[in-house]
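Me: I am new to this structure and would like to understand the words used to describe it. Please set each value against its definition as we go.

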Amino acid sequence: MAELFAYTDGACSGNPGPGGWGVLMLAMDGDTVVKERELSGGEGETTNNRMELLAAIHALEALGRPSRITVVTDSAYVKNGVTGWIHGWKRNGWKTASKKSVKNVELWQRLDAAQAQHDVIWEWVKGHAGHPENERADELARAGMAPFKPKKSKG
C-alpha cells in the first residue's frame, strides 16, 4: 500500500498582502512516486500564517476517504499549533493562555476538523533549504498568489 505525503507551503507578498498556498501530494511506494497531485490558491489580502494554514487544510480536505498521511510543512506556526497549542486552545474555549482570542481561529477549527478525519503525522522541514518537495510547494504557493499581485507598470 502506498504511503501518502503532503508537502505544504504558504507565501505572502507583504504581511498582510496578496498571498498564496501550495500543496504537493505524493503517493509513494518505497522511493517510487505512484501518484502526484498539485493544489494551489490564494487571496488578495491575507497573511503568511493564514496561507500556511490553508495549505495544510486543503491537503487534508482533498483526501477522498480517511487516510494515513504525513503532512510536511516549513511552518513552525502550523506544526507547533496543530501538535501542541491547539489542545489548550480547545480546553480554554479557543482562548490563549493569556485569555486572548486565538488568531485565525476559524482556520484552526477547520484544520482541527480536517485532521480528525485522518491519521496525520506532522513533520517540519527547514524552508528554502533545497528540499525538492518543499521547494515545489513554495512554487505552487507563489503561483497561487500570482493572480492577486498588483501588476507592475512599465515605466
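Me: Why does His128 count as exposed?

Reply: His128 has 54% relative accessibility, and exposed means over 50% relative accessible area (buried is under 20%, partly exposed in between, with a 1.4 Å probe and protein chains only), so His128 counts as exposed. This is a predicted model, in which local features need pLDDT of at least 70 and side-chain atom pairs count only at pLDDT 80 or more, while totals for chains, interfaces and linings use all residues. Residues are numbered from 1 along each chain as its sequence is written, and side-chain values use heavy atoms, with hydrogens and water left out.

Me: What makes Asp138 buried or exposed?

Reply: Asp138 has 9% relative accessibility and therefore counts as buried. Leaving aside neighbours within four places in sequence, Asp138 is in contact (heavy atoms within 4.5 Å) with Asp9 and with the His128 discussed above.

Me: How do you know whether H2 and H3 are roughly parallel or roughly perpendicular?

Reply: Helix H2 (residues 76-91) and helix H3 (residues 105-116) pack at an angle of about 95°, with their axes 11 Å apart. Angles under 35 degrees count as roughly parallel, over 145 as roughly antiparallel, 65 to 115 as roughly perpendicular and the rest as oblique, so H2 and H3 are roughly perpendicular to each other. Among the residues that make the contact are Tyr77 and Trp89 of H2 and Trp108 and Leu111 of H3.

Me: Why is Lys99 called exposed?

Reply: Lys99, in the loop between H2 and H3, has a relative accessible area of 62% and is therefore exposed.

How values were computed: Axes fitted to C-alpha atoms, helices over the stretch in contact; angles between N-to-C directions. Helix = DSSP H or I, 4+ residues; strand = E, 2+ residues; numbered from the N terminus.
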